[in-house]
Amino acid sequence: MPELPEPLGAARPGDDGPVRPFDVSPPAIGVTLAVVAGAALLGLAAGYAWWLLAPRALLVIVSHGAAGLVQSETSAFIAADGIFCLIALAGGVVSGALGYLLGVRKYGPLPMIGVLAGALAAGFLARWGGEQPGSGMFHHLLATLPVGARLHDSLTLGASGAIAFWPLAAGLAAGGLEAFETRDQRRRRGAVGPPLLASPGGGQAWPPGPPRQTPGIPGGQPRLE
């Protein structure tokens, strides 16, 4: 008995695309390490940009080694945290997109792990890179300036949870690109349509059109041809 073709639009095995293998070949490992290293370097650069852009609160020396705020209601701390969040989001999108294009698209899950691990490292490095440059100078001035002198506070990230913005943005960027790529592949496969098969009689291709009805059969039932 010949097999009938599946209806157009019916679910077929493989409609969701082939399963991406967990590639642990040397090229995949090398690309993953490169993705992590690149994200870490980008995190250091982002930390330096944060150090340049973030505002500092103005302090006044009240005693030897101690300082207080000149304006108690300053918004410098909130602004510094907000700038870090924006930089982390932008850096995460860049590192996630580059990680997908250079590694995930070709080698699959292993570089994706590298994208997330590198993004997490980049977040911590961005914080460290922004807080370190002026820290030593600030403590030196705090210990040597006389009472009444003014100086700017060192840069510190008050909201430690802002570090998570980097891996979150990187994961969304890489995952979104993968989703778009998978959707385009399904569309291209769907545009091809079901295969044409030879009919049992050898004269008509499948899928067949609607059956013809021949009237006049006893009993009033049409005969399907």
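Two strands count as paired when DSSP finds at least two bridges between them. With that in hand, look at valine 60 in this predicted model: its bridge partner in strand 2 is glycine 68. Valine 60 itself sits in strand 1, and strand 1 (residues 58–63) runs antiparallel to strand 2, with four bridges between the two.

**The overall layout**

Zooming out, the protein chain contains five helices and five strands. Read from the N terminus, the order of elements is α-β-β-α-α-α-β-α-β-β. The chain has 225 residues, and 28% of them count as buried. If you take contacts between residues at least 6 apart in sequence, 76% link residues at least 24 apart.

**The sheet and the helix on it**

Back to the strands. Three of them make an open, antiparallel sheet in the order 2-1-3. Strand 2 (66–69) and strand 3 (150–152) are the edge strands, each with a single partner, so one side of each has no neighbour in the sheet. On average, neighbouring strands here are turned by 45° against each other, ignoring direction. Helix 4 (residues 135–144) packs on this sheet and touches strand 1, strand 2 and strand 3. The direction of helix 4 makes about 165° with that of strand 3.

**Two residues to click on**

Is valine 60 buried or partly exposed? Buried would require under 20% relative accessible area, and valine 60 comes out at 21%, so valine 60 is partly exposed. Beyond its neighbours within four places in sequence, valine 60 is in contact with Ala66, Ala67, Gly68 and Val70, and also with Gly148, Ala149 and Arg150. Glutamine 71 lies eleven residues from valine 60 along the chain, with 9.8 Å between their C-alpha atoms.

Over in helix 4 you'll find histidine 140. Histidine 140 has a relative accessible area of 46%, which makes this residue partly exposed too. Glycine 65 is 75 residues away from histidine 140 in sequence, yet the C-alpha to C-alpha distance is 9.2 Å.

**Empty space**

Now for the voids. The structure has one cavity of 30 Å³ or more. Here is that largest cavity beside the second largest pocket:

| Void | Volume | Lining by class |
|---|---|---|
| Second largest pocket | about 160 Å³ | eight nonpolar, three polar, no charged residues |
| Largest cavity | about 60 Å³ | six nonpolar, two polar, two charged residues |

Which helices supply at least two residues each to the lining of the second largest pocket? They are helix 1 (26–53) and helix 2 (76–107). Helix 1 gives the largest share, six residues. The lining is made up of Val31, Ala34, Val35, Gly38, Ala39, Leu42, Val94, Ser95, Leu98, Gly99 and Leu102. No charged residue appears in that list.

The largest cavity is lined by Pro55, Arg56, Ala57, Ala76, Phe77, Ala80, Asp153, Ser154, Leu155 and Thr156. Two residues of this lining are charged.

Key
Residues numbered from 1 in each chain as written. Predicted model: local features only at pLDDT ≥ 70, side-chain atom pairs only at ≥ 80, totals over all residues. Heavy atoms only, no water. 1 Å grid on protein atoms, 1.4 Å probe; cavity = no way out; pocket = protein on both sides within 12 Å on 5 of 7 lines; lining within 4 Å. Points joined across faces, edges and corners; volume = space filled by probe spheres on them. Nonpolar A, V, L, I, M, F, W, Y, C, P; charged D, E, K, R; others polar. Axes fitted to C-alpha atoms, helices over the stretch in contact; angles between N-to-C directions. Contact = heavy atoms within 4.5 Å. Buried < 20%, exposed > 50% of the residue type's maximum accessible area, 1.4 Å probe, protein only.
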